[in-house]
Amino acid sequence: MVVQEFTVDLNKPLVFQVGHLEERYQEWVHQPIVSKEGPRFFGNDVLEFLTCTKWWAVPTIWLPVVCFMFVKSILMGNTIQDVVLMALFGIFIWTLIEYTLHRFLFHIETKTYWWNTAHYLLHGCHHKHPMDSLRLVFPPTATAILCFPFWNLVAFFATPSTTPALFGGGLLGYVMYDCTHYYLHHGQPSTDPAKHLKRYHLSHHFRIQDMGFGITSSLWDAVFGTLPPSMTPGKKN
């Protein structure tokens, strides 16, 4: 008896379909559909609404929090110069977090129903529909939940007065990351470094999807040896 392989119906809500692809999921999700019209995720309208986020929600919600953190650190005895340095350090650390999450979590290999489903919601949907503008930035509710463990992690290593500035710097790095990511997909930069970053990121989507994990910078790709060949000095396409 021949068992027919499962086929995803793109005209129906996708989230609870993709898991059935099992071992074929990774191949399917890395064959992008270039369309500005995003897919339907859920049949339920409330769940569907919660998966959609306008890009401007990220700076609108989180930049006031960043400012609050900086002011709090100053009121706790730090100078403006100290806060600037801590903010820059927080941004630097964020770039490493950005690279690590993208490489080791967002691109984890899955093949079972629920792991495929989770991966699709986390990052697979972005590779399948890279031009879906409403699912490009991270939903604020999810970001708020993740802020708690990151705050506790910073507080474990830092002092009470430096924790807000360091956390605020990391959060600012995240805002820069999400806004940059959106722009690289939907903007039309004409000059470097934005033009280079757009070419670099689209190479990750459409050419070599297991390299080029940096979004705001290619620094950590260079450090850890994941620069795409066309971006590596001395190598040609």
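This section describes the cysteines, a nonpolar surface patch and an annotated domain in a predicted model.

The cysteines were examined for covalent pairing. A disulfide is a covalent bond between the sulfur atoms of two cysteines. With a cut-off of 2.5 Å between sulfur atoms, the number of disulfides in the model is zero. For C147, the closest cysteine sulfur is that of C67, at 15 Å, and this is too far for a bond. C179 likewise takes part in no disulfide, as its nearest cysteine sulfur, also in C67, lies 14 Å away. The surroundings of C147 and C179 were then classed by accessibility. C147 has a relative accessible area of 15% and is therefore buried, since the limit for that class is under 20%. C179, at 22% relative accessibility, is counted as partly exposed.

On the surface, F89, F92, I93, L219, V223 and F224 make up a nonpolar patch of about 530 Å². Two helices, α5 (residues 80-105) and α10 (residues 219-224), each contribute at least two residues to this patch. Among the patch residues, V223 is located in helix α10. The relative accessible area of V223 is 48%, so this residue is classed as partly exposed.

An unreviewed UniProt entry assigns residues 88-226 to the feature "domain: Fatty acid hydroxylase". In the model, the span 88-226 is 68% helix and 0% strand. The C-alpha atoms at the two ends of this span are 25 Å apart.

Definitions and conventions:
Residues numbered from 1 in each chain as written. Predicted model: local features only at pLDDT ≥ 70, side-chain atom pairs only at ≥ 80, totals over all residues. Heavy atoms only, no water. Buried < 20%, exposed > 50% of the residue type's maximum accessible area, 1.4 Å probe, protein only. Patch = residues over 30% accessible without salt bridge, like charges linked within 9 Å, V, L, I, M, F, W, Y side chains within 5 Å. Areas by Shrake-Rupley, 256 points an atom, 1.4 Å probe, with all protein chains shown as cover. Salt bridge = Lys/Arg side-chain N within 4 Å of Asp/Glu carboxyl O. Helix = DSSP H or I, 4+ residues; strand = E, 2+ residues; numbered from the N terminus. UniProt positions renumbered as here; feature names shortened; annotations may be inferred.
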